[in-house]
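The following exercises invite the reader to study a protein through its sequence and its three-dimensional model. Each task is followed by a worked solution.

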Amino acid sequence: MAKELTHFEKRVYTVVKKIPAGEIRTYAWVAKKAWKPGAARAVGNTLNKNPFPIIVPCHRVVNSKGSVGGYAFGQDLKRRLLKIEGVGAAHCAARKRTD
């Protein structure tokens, strides 16, 4: 039997689902939009368990330090997915300054 999502997990997945292709957001930004400012680590943990990776594009969420952050399927795949969408390492570093 599948585990039911918590209210927080549902909010995180809803927020991330709305990130357009070719754009990135930080874990902190997602936490704020999910009504839990300061819960960036909880967002990361939630996305690491993402049961809907095709529907909820968690690869578009990066860390505030300017790197891609973690990814359940490996950082190399996350970088490739971002590159396919036109997002390179420079975009991740720029996000650090704009979050």
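The exercises below concern a predicted model and proceed from the overall fold to individual residues.

**Exercise 1. The fold**

Determine how many helices and strands the protein has, and the pattern they follow along the sequence.

*Solution.* Counting the elements gives five helices and two strands. Reading along the sequence then gives the pattern α-β-α-α-β-α-α.

**Exercise 2. Contacts and surface of the protein**

State what share of the 99 residues is buried, and describe the contacts between residues at least 6 apart in sequence.

*Solution.* Step one concerns burial: 37% of the 99 residues are buried. Step two turns to contacts between residues at least 6 apart in sequence, of which 60% join residues at least 24 apart. Step three adds the surface, where the protein exposes about 6200 Å² and 58% of this is supplied by carbon and sulfur atoms.

**Exercise 3. Two helices and their buried residues**

Identify which residues of α1 are buried and which of α3 are buried, and find the elements they pack against.

*Solution.* Begin with α1, which spans residues 7-17. Its buried residues are F8, E9, R11, V12, Y13, V15 and V16, and these pack against α2, α3 and β2 (61-62).

Continue with α3, where V43, T46 and L47 are buried. Viewed down the axis of α3, its buried residues fall within an arc of 95 degrees, so they line one face of the helix. These buried residues of α3 pack against α1, α2 and β2. The packing therefore appears from both sides, since the buried residues of α1 list α3 among their partners and those of α3 list α1.

**Exercise 4. A loop residue with a positive phi**

Explain what is notable about the phi of W35, and decide whether this residue is buried or exposed.

*Solution.* First, recall that most residues other than glycine have a negative phi. W35 has a positive phi of about 70 degrees and is not a glycine. Next, locate the residue: W35 lies in the loop between α2 (27-33) and α3 (40-48). Finally, apply the cut-off for exposure, which is over 50% relative accessible area. W35 has 62%, so it is exposed.

**Exercise 5. A nonpolar surface patch**

Find which residues form a nonpolar patch on the surface, and establish where I55 lies.

*Solution.* The patch is formed by F52, I54 and I55, which together have about 350 Å² of accessible area. Of these residues, I55 lies in the loop between α3 and β2. Because its relative accessibility is 53%, I55 counts as exposed.

Technical notes: Residues are numbered from 1 along each chain as its sequence is written. This is a predicted model: local features need pLDDT of at least 70, side-chain atom pairs count only at pLDDT 80 or more; totals for chains, interfaces and linings use all residues. Side-chain values use heavy atoms; hydrogens and water are left out. Helices (H or I, at least four residues) and strands (E, at least two) are DSSP runs, numbered from the N terminus. Buried means under 20% relative accessible area, exposed over 50%, partly exposed in between (1.4 Å probe, protein chains only). Contact means heavy atoms within 4.5 Å. Patches are made of residues with over 30% relative accessible area and no salt bridge: like charges are joined within 9 Å, nonpolar side chains (Val, Leu, Ile, Met, Phe, Trp, Tyr) within 5 Å. Accessible areas come from the Shrake-Rupley method with a 1.4 Å probe; for residues, only the protein chains shown count as cover. A salt bridge is a side-chain nitrogen of Lys or Arg within 4 Å of a carboxyl oxygen of Asp or Glu. The arc is that of the directions from the helix axis to the C-beta atoms.
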